[in-house]
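Dear colleague,

I am handing over the structure that we spoke about, and below it you will find my notes. Please read them with the structure open beside you.

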Amino acid sequence: MSAVFGRSLPLRPDPERLRLAQSRFGRTAAFLLITSTAAEVTAARRRGIPVIGYAGSPAVERRLRKAGCDLIVDSLAPLLEAARSL
């Protein structure tokens, strides 16, 4: 089972929303956050969730790297291809 949990307005990182998503699937489920904001990386880090960062510019890449992103990509195409192969 897979699901995507979105953000409600106003957009903001929220470790509590991540906790709710995790609790829905239990401890054995695998989680991954894909984001372009350092604040969301920080929220995911608080929950122990690995993060792939999307950086459309060098400035965004620096912020994501500083926040502790596990992997940073400059195109979402490889992620979409990987998801389609599942």
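In what follows, helices and strands are DSSP runs, with at least four residues for a helix and at least two for a strand, and they are numbered from the N terminus. Please keep in mind that this is a predicted model.

With those names in hand, Leu 76 can be placed in the loop that runs between β3 (71-73) and α4 (77-84). Leu 76 is partly exposed, since its relative accessible area is 36%, and together with Leu 32, Ile 34 and Leu 80 this residue makes a nonpolar surface patch of about 350 Å².

On the other side of α4 in the sequence, Ser 85 sits in the segment that follows the helix. Ser 85 counts as exposed because its relative accessible area of 57% is over the cut-off of 50%. A polar atom of the Ser 85 side chain lies 2.7 Å from the backbone oxygen of Ala 82.

Turning to helix α1, which spans residues 15-25, you will find that Leu 18, Ala 21 and Gln 22 are buried. When one looks down the axis of α1, these buried residues fall within an arc of 100 degrees, and therefore they line one face of the helix. What they pack against is α2 (38-47). Just after α1 comes Gly 26, whose phi is positive, at about 90 degrees.

With best wishes

How values were computed
Residues numbered from 1 in each chain as written. Predicted model: local features only at pLDDT ≥ 70, side-chain atom pairs only at ≥ 80, totals over all residues. Heavy atoms only, no water. Patch = residues over 30% accessible without salt bridge, like charges linked within 9 Å, V, L, I, M, F, W, Y side chains within 5 Å. Areas by Shrake-Rupley, 256 points an atom, 1.4 Å probe, with all protein chains shown as cover. Salt bridge = Lys/Arg side-chain N within 4 Å of Asp/Glu carboxyl O. Buried < 20%, exposed > 50% of the residue type's maximum accessible area, 1.4 Å probe, protein only. Arc of directions from axis to C-beta. Contact = heavy atoms within 4.5 Å. Polar contact = N/O pair within 3.5 Å; in protein donor to acceptor, adjacent residues only side chain to side chain.
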